[in-house]
Structure formats: C-alpha cells, structure tokens
Amino acid sequence: MVLVIAAVVLSAGCTGSGNAPTQTPASGTAAPSQTAPGFSLTPTPVDSVPSYLKMVCDAEKDPLNAKITVISRGGDGLYMCKGLDVTAYLSTGEILTNSMLPDVNRELKLDGTQGTDRIVVVAHYDNGDSYKIYDDVLEYRKRTTNQ
C-alpha cells in the first residue's frame, strides 16, 4: 500500500524542490530600467560649514570621453578632514560611490555618461561632523563643427 501511494505521489510531481518554473521573456522585450531609490539629477543646497572646517572641491567632465574628475582643493579644514565621499548620479539611473583623501589637488576619476550627471561630495571630519560641500550637475558637451 505504501509503495502504491509513493508511486502516485512521484508520478504527480508533488515532490519537487518548491521552486516555480522560470519563464524566459519573449525575444525582443527588455526588462524595464529602474532607477535606484534616492536618485535625483537635481542639485540641492550645500551645508553651511563653519569657517574653520571649510573644504573646497571641484568637478569637471571631459568633453571627449565623458570621464568625471573630482578634485580636492583643500581649505581651512584640511587638517581636520578625514575623507571625502563622492556620489555620482548618472543619467543612466546608476549611482556610483567612492571615497578619496582630502589632500590638495587629489583627483578621483569616475566614468560619466554622455548626458547630465550629478556629483555630490560630503566631507567627514575628526570631530564626527559631516557636511555636504559640493552638489552640482555636469553636462556632456558634444563637439560641434564650424560650417
């Protein structure tokens, strides 16, 4: 009797691993692209930083290859600054994060896009404070010919 029940259960397929069968999408359809939570290409005001903690950063996008260069320019808070966190919001919907030392003229290179990208830099200090010191958008400029 037990063997008959086991044979019926096995033939019915009730002893599967519990995983539902996967379906492949029809060819020619792409999965919808989704942007990360908190994504925005609109800059917001930077924090008001006490004068003794001021740090300056710049960012630029190369017009040939769209590489983004973030440059630490130093400031009165240089010797209290532990590091800079750089966040790039790319026009593709991606968010890239990286860190750099706050040394004068230290550069961080990121792969940008041929669209509008936003760069945010947050400075972290020895006393535990953190301030957003840079928030701007960088446009990709296509080369034009004079005709």
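Is Lys-109 buried or exposed? At 52% relative accessibility, Lys-109 counts as exposed, because the cut-off for that label is over 50%. The model behind this value is predicted.

## Overall make-up

The protein chain holds one helix and seven strands. Along the sequence the pattern reads α-β-β-β-β-β-β-β. The helix therefore precedes the strands.

The protein chain has 147 residues, and 30% of them count as buried. Its accessible surface is about 10,000 Å². Carbon and sulfur atoms contribute 52% of that surface. Among contacts with a separation of 6 or more, 61% link residues 24 or more positions apart.

## The four-stranded sheet

Four strands make up an open sheet. Their order is 4-3-6-7, with antiparallel pairing. Strand 4 (95–100) and strand 7 (130–138) are the edge strands, and each pairs on one side only. On average, neighbouring strands of this sheet are turned by 15° against each other, direction ignored. Strands of a sheet pair through backbone hydrogen bonds, either parallel or antiparallel.

Strand 3 covers residues 81–89. Six bridges join strand 3 to strand 4, and the two run antiparallel. One residue pair shows the register: Val-86 has Asn-98 of strand 4 as its bridge partner.

## Thr-87 in strand 3

Thr-87 sits in strand 3. Its relative accessibility is 17%. Thr-87 therefore counts as buried, because the limit for that label is under 20%.

Which residues does Thr-87 contact, leaving aside its neighbours within four places in sequence? They are Ile-95, Leu-96, Thr-97, Arg-118, Ile-119 and Val-120. Of these contacts, Ile-95, Leu-96 and Thr-97 fall within the 95–100 range of strand 4.

## Lys-109 in strand 5

Back to the opening residue. Lys-109 lies in strand 5, which spans residues 107–111. Leaving aside neighbours within four places in sequence, Lys-109 is in contact with Ile-68 and Thr-69. The side chains of Lys-109 and Thr-69 are joined by a polar contact of 3.2 Å.

Where does Lys-67 stand relative to Lys-109? The two are 42 residues apart along the chain, and their C-alpha atoms are separated by 6.7 Å.

## Two residues side by side

Both residues belong to strands. Thr-87 is in strand 3, and Lys-109 is in strand 5. Thr-87 counts as buried at 17% relative accessibility, whereas Lys-109 counts as exposed at 52%.

Terms used. Residues numbered from 1 in each chain as written. Predicted model: local features only at pLDDT ≥ 70, side-chain atom pairs only at ≥ 80, totals over all residues. Heavy atoms only, no water. Pairing = 2+ DSSP bridges. Axes fitted to C-alpha atoms, helices over the stretch in contact; angles between N-to-C directions. Buried < 20%, exposed > 50% of the residue type's maximum accessible area, 1.4 Å probe, protein only. Contact = heavy atoms within 4.5 Å. Areas by Shrake-Rupley, 256 points an atom, 1.4 Å probe, with all protein chains shown as cover. Polar contact = N/O pair within 3.5 Å; in protein donor to acceptor, adjacent residues only side chain to side chain.
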